[in-house]
Amino acid sequence: MELDEFLKYVGENDELGLLKVKAKSSAPTADEHLLAKFNELNDFVALHHREPEADMANVPEFMLYQRLKAIRANSQQCEQLSEFDIHGLLNVVSALESNQSENFEQKKETHQSKELNSIEDILDDDNLGLLDEGAESIFQLRNVPKTINMPSKIARRERCENFEEFEDLFKACHADLANGERIQQKFTGEQQIQKGQFFILHGVMCYVADMEERTRKNGKVNAKLHLIFENGTESDMLLRSLSTELYKDETGRRILSKSDDALNGMLGIDDDDEASGYIYILQSLSTNPEIRSIKNLYKIGYSTVPVEKRIANASNEPTYLMAPVHHLSTYQCFNMNTQKFENLLHTFFGKACLDVEVVGVGGETHRPREWFIAPLQDIEMAIQLLINGEIINYRFDLALNKIVEK
């Protein structure tokens with residue numbers, strides 16, 4: 001059978017349509033691309049009330065600065081975008097055009113001797129426009145399929161139109177922090193998120209201005225929040241999303257009144273409660289190369305006596321890998337079975353347990369089962385999740401080496 005006949009035969013008998021090629025959707029035109037890029041500049045000015053600046057420490061803003069600079073230098077693009085210039089970003093074009101000829105001659109004379117000492121120098125010396133943000137920009141990805149299914153709605157921060165109504169609250173909060181009336185504490189649980197509370201997320205103070213009724217879906221409690229940020233933006237975010245971000249952010253904090261004695265109040269601890277032991281986290285100081293080479297190796301243990309007393313003889317005990325240890329943190333437990341608390345943590349990190357044989361002082365072999373290979377912040381997070389009862393909604397992913405939602 002000839003090739004043409006074979007292809008015709010296969011095509012006629014392609015019942016599953018495996019050989020049919022779907023038509024690709026047309027890509028945005030150059031004009032549409034230019035307008036989309038310019039609208040990003042409009043959005044920036046609407047949010048920050050200023051033009052993007054040449055701040056090399058802020059790469060996204062610096063790229064917007066370069067984009068605006070390139071558009072202003074292109075009279076054709078300025079004319080195309082004039083009706084969309086709602087912030088008057090292109091009003092300087094006439095001045096630029098009047099000096100265009102003079103600037104060109106100056107660039108022509110100095111180009112050969114110009115020194116390039118920084119990224120900004122390189123971008124400014126782009127005479128051929130190779131780095132422009134136009135339709136043919138080298139920074140523009142093309143023909144790259146989207147492989148991530150994005151959610152239908154993303155919590156984005158937008159400019160808060162009525163920020164003046166909340167500004168005094170932030171000023172008062174800062175004043176209380178300065179005089180000691182308020183304190184910062186590490187975020188430890190979703191139940192701490194309430195209307196009227198302040199938090200610090202990624203270095204920015206935020207205020208829970210509104211919180212809808214909590215609902216339970218698939219065994220998980222959630223609620224819609226309206227957050228006001230000190231930088232003049234606002235966002236609608238779900239309770240669990242804010243909680244996750246605060247957990248992930250090493251600098252994430254809860255701000256509360258010092259008089260509340262919040263930690264004891266959260267745990268229900270008073271003078272009548274009985275201390276039942278300590279949960280502690282240790283790091284090995286072993287000189288054994290096999291132990292020293294393991295990153296994120298920590299011991300999760302419990303003791304009925306103060307930890308410093310418990311680890312005093314660590315160098316002679318197999319459970320401490322026959323080596324000194326560094327005491328990282330301790331959690332005192334009240335009115336509870338501390339050993340069971342420890343066992344729950346061991347089960348949670350079970351797949352990350354260190355498998356090693358240790359020879360004791362008398363020559364006997366031991367397999368300590370309290371050492372785990374997991375990031376310290378995830379171990380501390382697991383302890384807090386266990387305290388507030390949320391640990392059932394999470395698991396430790398060994399492949400990702402971090403705590404994730406179930």
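Visitor: What makes the contact between R367 and E357 a salt bridge?

Guide: The closest N and O atoms of R367 and E357 are 3.1 Å apart. The cut-off is within 4 Å, so the pair qualifies. Keep in mind that this is a predicted model.

Visitor: How do you know that the R367–E357 pair ties together separate parts?

Guide: Look at where each residue sits. R367 lies in the loop between β14 (365-366) and β15 (371-373). E357 lies in the loop between α13 (338-348) and β13 (358-359). The parts are ten residues apart in sequence, so the pair ties them together.

Visitor: Why is R367 called partly exposed?

Guide: R367 has a relative accessible area of 45%. Buried needs under 20% and exposed needs over 50%, so R367 falls in between.

Visitor: What makes D355, E357, R367 and R369 one network?

Guide: Shared partners do. Salt bridges with partners in common join D355, E357, R367 and R369.

Visitor: How many salt bridges does the rule give?

Guide: The count comes to 16.

Visitor: What makes K195 and D210 a salt bridge?

Guide: The N to O distance between their side chains is 3.9 Å. That is within 4 Å, so the pair counts. K195 is in the loop between β2 (182-186) and β3 (198-201), and D210 is in strand β4 (residues 204-211). The pair therefore ties together parts 15 residues apart in sequence.

Visitor: Why is K195 called exposed?

Guide: K195 has 53% relative accessibility. The limit for exposed is over 50%, so K195 passes. D210, at 37%, counts as partly exposed.

Visitor: What makes R50 and E53 a salt bridge?

Guide: Their side chains meet at 3.9 Å, N to O. That value is within 4 Å, so the rule is met. R50 is partly exposed at 31%, and E53 is partly exposed at 44%.

Visitor: On to the rings. How many aromatic pairs are there?

Guide: The count is nine.

Visitor: Why is the pair F170 and F198 called edge-to-face?

Guide: The centres are 5.8 Å apart, with 75° between the planes. Pairing needs centres within 6.5 Å, and edge-to-face needs an angle over 60 degrees, so both tests are passed. The pair links distant parts of the chain: F170 is in helix α8 (residues 164-179) and F198 is in strand β3, 28 residues apart.

Visitor: How do you know whether F170 and F198 are buried or exposed?

Guide: F170 has 2% relative accessibility, and F198 has 4%. Both values are under 20%, so both residues are buried. F170 and F198 also belong to one aromatic cluster with F163, F166 and Y207.

Visitor: What makes the charged end of K299 sit over the ring of Y320?

Guide: The charged end of K299 is 5.1 Å from the ring centre of Y320. The distance limit is within 6 Å, so that part of the rule is met.

Visitor: Which residues have the most contacts inside the largest nonpolar core?

Guide: They are L225, L242, L345, F348, F349 and I403. This core has 40 residues. Helix α14 (residues 376-388) gives the most to it, with six residues. A second, separate core of 15 residues includes Y278, Y280, L297 and V356.

Visitor: What is I403 in contact with, leaving aside its neighbours within four places in sequence?

Guide: Its contacts include F348, Y394, R395 and F396. D378, M381, A382 and L385 are also among them.

Visitor: Why is α14 called largely enclosed?

Guide: Ten of its 13 residues are buried, so the rest of the structure largely encloses α14. Among the buried ones are D378, E380, Q384 and N388. Just after α14, G389 takes a positive phi of about 80°.

Visitor: How do you know that the reach of α14 is close to the expected one?

Guide: From first C-alpha to last, α14 reaches 19 Å, against an expected 18 Å. Helix α2 (residues 30-48) has 19 residues and reaches 28 Å, close to the expected 27 Å. H49 follows α2 with a positive phi near 60°.

Visitor: Which residues of α2 are buried?

Guide: They include H33, K37, L41 and N42. L34, F38, F44 and V45 are buried in α2 too.

Note on methods. Residues are numbered from 1 along each chain as its sequence is written. This is a predicted model: local features need pLDDT of at least 70, side-chain atom pairs count only at pLDDT 80 or more; totals for chains, interfaces and linings use all residues. Side-chain values use heavy atoms; hydrogens and water are left out. Buried means under 20% relative accessible area, exposed over 50%, partly exposed in between (1.4 Å probe, protein chains only). Helices (H or I, at least four residues) and strands (E, at least two) are DSSP runs, numbered from the N terminus. Rings of Phe, Tyr and Trp (its six-membered ring) pair if their centres lie within 6.5 Å; planes under 30 degrees apart count as stacked, over 60 as edge-to-face and the rest as tilted. A charge sits over a ring if NZ of Lys or CZ of Arg is within 6 Å of the ring centre and within 35 degrees of the ring normal. The expected span of a helix is 1.5 Å times one less than its number of residues. A nonpolar core is a set of buried Ala, Val, Leu, Ile, Met, Phe, Trp, Tyr and Cys residues joined through side-chain atoms within 4.5 Å. Contact means heavy atoms within 4.5 Å.
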